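Here's a walk through one chain, with the loops up front and the pockets and packing after that. Have the structure open while you read.

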Amino acid sequence: MRPTAALVSLDNLCFNYLGLRKKVRGAKVMAVVKADAYGHGMVKCVEALEKLGPDKPEYYGVALVEEAVELKKSGVTEAPLLSFAPFDTEDIDLYNKYKVMPTVCSEQHIREIEALTTDKKIIVHVNIDTGMGRLGFHYSEAADKVKELASLENVVIDGIYTHFSTSDEKDKSYALLQLERFGRIREELISAGYGKIIFHAANSGAIIDMPDAVFDMVRPGISLYGYYPSKETSGSVPLKPVMSLVTEVSTIKKFSKGESASYGRKFTATEDTTAVTAPVGYADGIDRALTNRISGIIKGEFYPQIGRVTMDRILFETGNSNINTGDKITLIGEDRGKIISAWDWCDILDTIPYEITCNISKRVPRKYI
């Protein structure tokens with residue numbers, strides 16, 4: 001059995017979820033489990049959330065119809081699934097068979113739905129672009145397009161949503177502009193008789209810091225997995241990281257002063273020392289740009305990673321410490337009061353925790369604790 005593993009705490013996942021649900025004052029929750037639950041394992045995470053009984057999510061959100069099919073085939077939930085991917089006529093049979101709601105976000109989609117010959121009504125959510133600039137009907141025409149879509153006999157609009165681009169930033173001025181635009185569209189549509197449609201806008205940043213963006217439903221993503229979407233987000237909802245990344249000491253090697261290690265000789269011993277190797281590398285999600293810049297925790301102490309990160313193996317300098325083969329190395333997580341966070345890697349790579357957890361590759365076994 002491979003000693004390198006991603007340890008996924010389902011208790012922490014449920015802790016985060018329940019804290020977020022409490023924050024939104026009774027609104028529905030769409031748990032976002034796209035990208036294999038941000039690398040944590042979609043089916044297992046949904047299975048854990050489903051065990052929360054009356055508090056479980058009302059909806060789940062995925063990026064691709066293939067993810068929705070995988071989730072439905074697993075049999076762990078009967079909840080409605082929203083695919084954020086744009087509507088595709090080639091997937092009609094999958095939408096109907098697996099009860100997947102696609103996203104309608106263009107004039108072309110309206111025309112394609114209008115031309116459908118199926119007797120079964122397709123259930124959809126409509127994406128409105130209030131300023132993200134990616135997908136969705138432009139806010140200036142969105143209300144009219146929703147009314148046009150709703151007039152078709154073969155479609156049911158279950159929800160209408162938008163997505164914030166800066167809700168995780170300290171300066172909320174642009175997010176508030178998006179919120180104002182969406183709010184105006186919502187009021188117009190409710191006045192026109194579309195009040196039964198679910199309106200949703202709040203991602204993790206908005207859930208935490210924009211209470212007026214809650215509406216009928218919220219869509220927590222990275223916050224489910226224990227990370228705030230940025231360092232500018234408040235900590236008003238306590239979160240616990242769900243994933244730890246561990247490996248173990250595989251071999252122990254002596255280095256004399258002047259000897260080098262790994263490709264490109266990016267480490268040269270300045271004195272006689274000892275290093276250990278661990279069976280993990282960039283094929284597992286340890287970015288090569290982390291070379292000589294991270295640490296591992298062994299027996300409650302930090303030890304620097306040395307030498308080029310390779311595909312399958314990295315080294316740590318341990319000096320004269322009493323380290324043995326088989327000792328656990330924590331790469332992300334906590335051991336004896338010492339902590340390495342995904343944010344520590346983010347600071348080096350100029351990225352966000354989303355990318356760190358998503359990049360832990362499939363060849364790293366997930367162990368659920």
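## Loops, pockets and packing

Arg25 is exposed, with 59% relative accessible area. You'll find Arg25 in the loop that links helix H1 (10–23) to strand E2 (28–32), and its phi is positive, near 55°, in a residue other than glycine. Keep in mind that this is a predicted model.

Asn292 makes a good companion to Arg25. Its phi is positive too, near 60°, and again the residue is not a glycine. Asn292 sits in the loop between strand E15 (273–278) and strand E16 (295–298). At a relative accessible area of 34%, Asn292 is partly exposed, because that category runs from 20% to 50%. A positive phi also turns up at Gly75, the residue that follows helix H4, where the value is near 75°.

### The chain overall

The chain has 369 residues, and 52% of them are buried. Its secondary structure comes to eleven helices and 21 strands. Along the principal axes, the C-alpha trace spans about 80 × 40 × 40 Å. Taking the contacts with a separation of 6 or more, 66% are between residues 24 or more positions apart.

Two loop residues give a feel for the distances involved. Asp312, in the loop between strand E17 (301–306) and strand E18 (314–317), is 39 Å from Pro102, C-alpha to C-alpha, with their positions 210 residues apart in sequence. With 35% relative accessibility, Asp312 counts as partly exposed. Beyond its neighbours within four places in sequence, Asp312 is in contact with Ala278, Pro279, Val280, Gly281, Ala283 and Arg363.

Lys120 is in the loop between H6 and E6. Its C-alpha is 41 Å from that of Met243, and the two are 123 residues apart in sequence. Setting aside residues up to four places away in sequence, Lys120 touches Asn96 and Asn154.

### Two pockets

Which elements give two or more residues to the lining of the largest pocket? They are helix H2 (34–38), strand E6 (122–129) and helix H9 (204–209), with E6 giving the largest share, three residues. The lining has 28 residues, and those nearest the centre are Lys34, Met132, Arg134, His163 and Asn203.

For the second largest pocket, 15 residues form the lining, and Tyr95, Lys99, Val100, Met101 and Ile123 are closest to the centre. Here the elements giving two or more residues are helix H5 (92–98), strand E5 (100–104) and E6. Volumes and lining classes are set out below.

| Item | Largest pocket | Second largest pocket |
|---|---|---|
| Volume | about 630 Å³ | about 210 Å³ |
| Nonpolar lining residues | 13 nonpolar | eight nonpolar |
| Polar lining residues | ten polar | one polar |
| Charged lining residues | five charged | six charged |

### What's packed inside

In soluble globular proteins, nonpolar side chains tend to be buried together. In this model, the largest nonpolar core has 110 residues, and Leu149, Ile160 and Trp345 touch the most other members. Leaving out neighbours within four places in sequence, Ile160 is in contact with His125, Val126, Ile128, Val146, Phe182, Leu189, Ile197, Ile198, Phe199 and His200. There's also a second, separate core of seven residues, with Phe255, Ala261, Phe267 and Ala269 among them.

Leu149 brings us to helix H7 (residues 142–150), whose buried residues are Ala142, Ala143, Lys145, Val146 and Leu149. Looking down the axis of H7, these buried residues fall within an arc of 165°, so they line one face of the helix. Their cover includes E5, helix H6 (107–114), E6, strand E7 (137–138), strand E8 (155–161) and helix H8 (173–191).

Helix H4 (residues 65–74) is worth a look as well. Which of its residues are buried? They are Val65, Glu67, Ala68, Val69, Leu71 and Lys72. Covering them are, among others, H2, helix H3 (42–50), strand E3 (59–62), strand E4 (81–86), H5 and E5.

Notes:
Residues are numbered from 1 along each chain as its sequence is written. This is a predicted model: local features need pLDDT of at least 70, side-chain atom pairs count only at pLDDT 80 or more; totals for chains, interfaces and linings use all residues. Side-chain values use heavy atoms; hydrogens and water are left out. On a 1 Å grid over the protein atoms alone, a cavity is a set of points where a 1.4 Å probe fits but cannot get out, and a pocket is an open set with protein on both sides within 12 Å along at least five of seven lines; lining residues have an atom within 4 Å of a point. Grid points are joined across faces, edges and corners, and a volume is the space filled by probe spheres set on the points. Helices (H or I, at least four residues) and strands (E, at least two) are DSSP runs, numbered from the N terminus. Ala, Val, Leu, Ile, Met, Phe, Trp, Tyr, Cys and Pro count as nonpolar, Asp, Glu, Lys and Arg as charged, and the others, Gly among them, as polar. A nonpolar core is a set of buried Ala, Val, Leu, Ile, Met, Phe, Trp, Tyr and Cys residues joined through side-chain atoms within 4.5 Å. Buried means under 20% relative accessible area, exposed over 50%, partly exposed in between (1.4 Å probe, protein chains only). Contact means heavy atoms within 4.5 Å. The arc is that of the directions from the helix axis to the C-beta atoms.
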